[in-house]
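User: Could you take a close look at one part of this model with me? I would like to start from a single sheet and then see what lies around it.

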Amino acid sequence: MAKIDEWLNTNTFHYGQFWDIKGLIDTKERRNLKLSLCIPTLNEETTIAKEVVLFKSELVDRYPLLDEIAIIDSGSTDRTLEVAKSFGADVYLSADILPHQGSRRGKGENLWKAIYQLSGDIIVYVDADIKNIHPRFVYGLVAPLIYRPEIHYVKAFYDRPLADETGIRPSGGGRVTEILVRPLFSLFFPELAALIQPLSGEYAVRRQVLERIPFPIGYGVETSHLIDVYSEWGLDAFGQTDLDRRVHRHQSTRDLGKMSFGILHAFLERLRSRGLTGEMPHLTPILRQFQFNEGNYEQVVFELPEEERPPMIDIPEYRDRFGIQDN
Amino acid sequence: MAQPTLATQDPGRWIHDLPISLGEYREMLLANLIMIGEIPAPAFDEKARIEFVKQRFTECGLQKVSSGSAGNGLAVLPGRSEGRSILITAHTDTPFPDTVAHTLTVSSDRVTGPGVADNSLGLAALTTLPTIIEGLGLEFTHDLVFMADTRSLGKGNLEGLRSFLTRADIPILAGLSIEGVQLGRLDYISLATLGGEIECIAKTWNGIDGQDTIAALNQIITRLRNIPMPGEPLTRLILGSISGGTSYKTPANSATLRFQLRGESDAVVDGIAEEILTICEEMASNLDIDVDFDVIARTRAGGLSPGHPLVQNALSVQQSLGIGTIAPAHSSAASVFLEEGLPSLTVGVSLGENRGGVREYVEIEPTLKGLAQVIGILRAIDGGCCGED
């Protein structure tokens, strides 16, 4: 598709293009932009300190690119919040934000509530479990938004080697992307197949986009974002940045099954809402997996709620906080 | 009336209070440690780490950011007057190959990862110092030359530092080397050391009936262990590593021993090295195999006296900071300075353990005292404790 080739040429970046952080800050200030970093957490005490130290020292103190760094936590039972606070991050319990809207458990919930809690015109989300965290995970994602007003949503992509005690191994990651998401996109939203890692947990987005899209609270949040943003603003609203390498933990096939279930759930709901499917049964939240135990095969049943939060702009408290007038 | 700055206060009080003032630089030090420590830097393959350090030097506004022929990372903070310079060094290399995952973890009280103590923390301190000096408003009479030196460990044999000192056209007043650990070390003496490698190589290859070079190396080790090591002057032979062979079912085609001789006398170490050479020649002849003996690193004995003003001033700095001084240890870097007739010290920035392992760690809390100590010693050198131009 010619459109994809054109988009890959113009909207795919490498973080090395944005090495001049001072220049980036100059443009940010000239455009009167405010940037917020959100790190969603749940029991991340072994990795959170490193992220906070690095981003605060490099992108707040040395180069004032970020205006705030916030941890939005799902209720960690370890020392995640204490450690993050000791190194200078703002920490929030997701359940304490918009209490009248109730509390759900899931990464998507944290990302949604961050829109209310944080004040930036651009919010960059970075997962807390990145072993080789580096400032490029932020400046590489926000730079296209700062320099290119027509871009609204920037996704990360990278090599994804696996790390264990013995060292770095070639990537076994990206399985859900290649087996599930890219085939689905190729069938139903071919232009979105050009996003190299549609499930990456690192992305930067303009507030006016974030506040207008719904948020599945579970695994489907990234996929649904892409479909919703694409439907409203088109492929040109996206950018993607090569962040070189992201060292991550290996996930079991069973965990990938849960992830795939959540993604498929969100995807099918979007097909249904766009009239792209015929009659479909109610999509159950029950995922069935199987295991061999003491000579017998047995079911392992997971209930994976794929509830969605509405666009934040529909929440009265949000409209009050950011002075948005009712139409 | 203007408040006195740190730089104008009473020196004793000033150094005592300095760690508190350094608190705001803790995250910067840790960030530099993370970014430096996650760039692999085995000896002879340190370019990426050096480039990062040079970039940091440039960002700090240092002058003459450059690399010498040995690939060091160099930069200058000009002093108030022309004259000799103070050289501050930290070695860049670590013992870990780039196949080891160089991912550091940070907890509330420590940073863990390969090479973090030796010497990523030392290099991070060197890299952070210019910003601290600027932030505290400190001025020095002499130029400060910051150097991330390369090829320090193993076969590197301190090549980066040696290359700079023998070729630099900058007159040096004194040297201060920064290591990650241990806080409290004050190394002003160099031992006579000889790092050696003995490799036994089969002359022929005959499968399972081939020459057994591991057995040959074993005989050589037995002979080495029978060499009398004098207690006065104290001399030791350390067998560091052995390697050889590729399979469990065929005799090893080659086998290698790495060792270090260390002692207080150059003559004694030289004499024992001669004995080792003779043993290697005899064994080669007796067993009809090739035996190569290579000297891969060498330092000479010497150093400062305990009463040298530099040592006394450094002790005073450590005492003012409440740092318990560790009994005089030995630094190989001191040997290189000594060869050029220059006084030098090596100090550590923090406490840590598991050096040389992937679970190597350094403690965070002591680093502020460690940095304060470095600044205090630099001020003492700048103030004239090593003599003037």
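In what order do the 8 strands of the open sheet in chain A lie, and what is the pairing?

Analyst: Happy to walk through it with you. Please keep in mind that this is a predicted model.

The order across the open sheet of chain A is β1-β11-β6-β9-β5-β2-β3-β4, and the pairing of these 8 strands is mixed. Its edges are β1 (12-14) and β4 (90-93) of chain A, each of which pairs on one side only. From one strand to the next, the twist averages 25 degrees.

Let us zoom in on one pair of neighbours in that order. Strand β2 (residues 35-41) of chain A runs parallel to strand β5 (residues 122-125) of chain A, and 4 bridges join them. If you would like a place to begin on screen, try A:L35, whose bridge partner in β5(A) is A:I122.

Strand β2 also leads us to the largest pocket. Two or more residues of the lining come from β2 of chain A, and the helices α5 (107-117), α7 (175-188), α9 (221-233) and α10 (253-273) of chain A each do likewise. The volume of this pocket is about 1400 Å³. Its lining counts 44 residues, and those that lie nearest the centre are A:K107, A:D127, A:Y219, A:Q251 and A:M259. Helix α10(A) gives the largest share of the lining, 5 residues. By class, 14 of the lining residues are nonpolar, 15 are polar and 15 are charged.

Among those helices, α5(A) deserves a pause. It is largely enclosed by the rest of the structure, because 10 of its 11 residues are buried. The buried residues are A:G108, A:E109, A:N110, A:L111, A:W112, A:K113, A:A114, A:I115, A:Y116 and A:Q117. The charged side chains of A:E109 and A:K113 thus appear in the buried list alongside A:L111, A:W112 and A:I115.

For context, it helps to set chain B beside this picture. Chain B has 10 helices and 17 strands, and 53% of its 389 residues are buried. Its C-alpha trace spans about 90 × 40 × 35 Å along the principal axes. A compact globule of 389 residues would have a radius of gyration near 21 Å, so the 23 Å of chain B agrees with that expectation.

The second largest pocket brings us to residues of chain B. About 1200 Å³ of space lies in this pocket. It is lined by 48 residues, and B:S152, B:L153, B:G154, B:Q260 and B:S332 are the closest to its centre. Elements of chain B that give two or more residues to this lining include the strands β3 (85-91), β7 (172-181), β10 (192-201) and β11 (235-244), along with the helices α4 (116-136) and α9 (332-339). This lining divides into 16 nonpolar, 22 polar and 10 charged residues.

Finally, there is enclosed space to consider. Rolling a probe the size of a water molecule over the atoms shows where empty space is left. Searching the whole structure turns up 1 cavity of 30 Å³ or more, and about 40 Å³ of space lies in it. The lining is made up of B:Y188, B:G303, B:L304, B:A334, B:L338, B:L342, B:P343 and B:S344. Of these residues, 6 are nonpolar, 2 are polar and none is charged.

Terms used: Residues numbered from 1 in each chain as written. Chains lettered and ligands numbered in written order. Predicted model: local features only at pLDDT ≥ 70, side-chain atom pairs only at ≥ 80, totals over all residues. Heavy atoms only, no water. Pairing = 2+ DSSP bridges. Axes fitted to C-alpha atoms, helices over the stretch in contact; angles between N-to-C directions. 1 Å grid on protein atoms, 1.4 Å probe; cavity = no way out; pocket = protein on both sides within 12 Å on 5 of 7 lines; lining within 4 Å. Points joined across faces, edges and corners; volume = space filled by probe spheres on them. Rg over C-alpha atoms; globule rule 2.2 N^0.38 Å. Buried < 20%, exposed > 50% of the residue type's maximum accessible area, 1.4 Å probe, protein only.
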